[in-house]
Amino acid sequence: MTIEMIARIIEAEASVLDFQGKLAVAQCICDNRFDQNAFTKPTDDYSPESLKAAELAVLHGARRFPAASLLQFRSFTNYGRRGTPDWKKIYNSVPNDLLYLGCDSKGEYGHFYFGRWKNMATPFKMLVMAGHGRNMDGSYDPGACGCGYREAELTRELSRLIVARAKDNGIDCDLAPDRNHYSYFKSGGKYDVTQYKYVLEIHFNASTKVDPVGDGAIRGSMFYIDRSESGHSVEDAILQGLYDIGSRQAWDGVVITQRQYTNGLMVQNAIRRQGVSHAVLETCFISDADDMKWYQGHKDLIATKVVEGIIKGFGLAPKDSSYAYVGKGFVTMVALEDMNVRTGTNISAPAIGVVYRGQMVEVLKIFDNGWMQIVWPGAACGYAYTSNVHRKYYKKV
Ligand SMILES: [Zn+2]
C-alpha cells in the first residue's frame, strides 16, 4: 500500500476529524499490516493533513496510541445513538477480546477505538482467585448450583479468561492456586499476597428466588468489598462496563461486606490483613436463567470489561495516549544549528541523536519551557525532545 493510498483511506474515513483522528486511522492501517480490505473505499483525492498523517505514521512511527495496538474503530454515526455509544451494536461487530481505548470526535462525528495495550504506565500486579473448589480434606465445594451449572466451574472459567485478557494487555497477573481458599485459610493455610496491588475473587450469586426458565429480567452484578477499603472506583468502573454490555446493578452495586456478613469474609479478611486490596465479584446469578444466558453469551466480553475497569480504576493506561499536537495538527521546523535530541525536556536527559543545521523536524508538541516533542523514529516510542528555548534554535518552515 502506498502512502498516497493510505492518505486516501484516511480522507475517506476521517476527513472531518482533526489530526489526532486522522493519525488514528493511519495507526490502525499500520497495526493491521496494511490490509486494505479492512477499510472503507479510498477517496480519489486527499487533504495535505491526511497525507501528513500517513507520512508521520508510516515513515516516522507516529501513533495516536503509542502504547497500544489500534486494531478496530467504529463510527459514531453507525454505532451510537444521539452521541452515546450503542455498546450492543458495537460488540456485535468488534472482536470481544479487544479493549476500548478511547475516542476522537468533532461535533456529532467521531470514532471509537479498540485494540490492545502493549504496556502499562504504572507498575502493577494483580491476582485472580476463583471461588470454591477443592477443600483441604479432599472434598469438593461446588458453590451454588443452578440452571445446570456449578459455581466452582464457572468461577474457574471466568478467572482464566480474565488472567489471559490482562496478560494480553501488558498487565502482570497471576491465577491463584486451584483450591478452595475459604477451606485453605480456615485450616490455617498461609498465602503471602503482598506482591499484589489487587486481589479479585470471582463468584456467582444465588438467590432463594430461583428463575430456572428465564422471565426476561436479568438480576445482575455486584461486588463485596471490606469496610476497611478506602474507596471503590475500580469496582464501580468494572460494574459500569458490565452494565454497558447488558447486566444491571444488583443490590447497591458495590456493597460493604459487613452489611451482609458481620464478621467479614474469611478470604477477604486474610487478604486485607496483609494490606492488599480485595474485591469479591458476584458476576451474576447462577440461579437465574436470564443471567446464565447473559454470561454464556458474553464471557469473553465480561473478561474484557473487567480488565478495562481495572485499567481505568487504577489509572494504569499510559498518559501520553492522548498527547496534544500543536494547534490543529503539527508544525515543521528547521534547525538553525546542530541540536541534540534527548529523551526528556531538559539538558540532563540522555541524548539519543542529533538534528544538524538545515535539517527539518516534525513537531508534535511545544512545552512551556520552549522544549519541543518531535517525531523521532530512532526512539522506541517514535518521538523525542529537543530544545527551542527562546525560539533560538529552530524556526517554522
Ligand atoms: Zn460463591
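Biologist: Which helix axes come within 9 Å of each other, and at what angle do they cross?

Modeller: In this predicted model, they belong to helix H6 (residues 151–168) and helix H11 (residues 289–314), whose axes cross at roughly 55 degrees.

Biologist: Why is H6 called oblique to H11?

Modeller: Angles under 35 degrees count as roughly parallel, over 145 as roughly antiparallel, and 65 to 115 as roughly perpendicular. The crossing at roughly 55 degrees falls in none of these ranges, so H6 is oblique to H11. As for the hand, H6 passes H11 in a right-handed crossing.

Biologist: Which residues of H6 and H11 meet?

Modeller: From H6 come Glu157, Leu158, Leu161, Ile162, Arg165 and Ala166. On the H11 side, their counterparts are Lys299, Asp300, Ile302, Ala303, Thr304, Val306 and Val307. What counts here is C-beta atoms within 7 Å, with those atoms placed from the backbone.

Biologist: And how do the residues of that contact divide into nonpolar, polar and charged?

Modeller: The split is 8 nonpolar, 1 polar and 4 charged. Thr304 is among the residues in contact, and Thr counts as polar because the nonpolar and charged groups do not list it.

Biologist: Turning to the sheet, what makes E1 and E4 its edges?

Modeller: The order is E1-E5-E4, in an open sheet of 3 strands with antiparallel pairing. Strand E1 (68–75) and E4 each have a single partner strand, so one side of each has no neighbour in the sheet. On average, neighbouring strands here are turned by 25 degrees against each other, direction ignored.

Biologist: How do you know that E1 and E5 pair?

Modeller: Pairing asks for at least two bridges. E1 and E5 have 7, in the antiparallel sense, so they pair. One example is Phe73, whose bridge partner in E5 is Tyr113.

Biologist: Which helix lies across E1, E4 and E5?

Modeller: That is helix H2 (residues 19–31), running at about 115 degrees to E1.

Biologist: What are the domains of the protein?

Modeller: The assignment gives domain 1 (3–117), domain 2 (125–314) and domain 3 (324–396). The centres of domain 1 and domain 2, taken over C-alpha atoms, are separated by 35 Å. Their contact takes 8 residues from domain 1 and 11 residues from domain 2.

Biologist: Which elements give two or more residues to the side of domain 1 that touches domain 2?

Modeller: Helix H5 (87–91), strand E4 (99–106) and strand E5 (109–117) do. The residues on that side of domain 1 divide into 5 nonpolar, 1 polar and 2 charged.

Note on methods: Residues are numbered from 1 along each chain as its sequence is written. This is a predicted model: local features need pLDDT of at least 70, side-chain atom pairs count only at pLDDT 80 or more; totals for chains, interfaces and linings use all residues. Axes are lines fitted to C-alpha atoms, for helices over the stretch in contact, and angles run from 0 to 180 degrees between N-to-C directions. Helices (H or I, at least four residues) and strands (E, at least two) are DSSP runs, numbered from the N terminus. A crossing is left-handed if the near helix is turned anticlockwise from the far one by less than a right angle, and right-handed if clockwise. Two residues are in contact if their C-beta atoms, placed from the backbone, lie within 7 Å. Domain bounds come from an automatic or database domain assignment.
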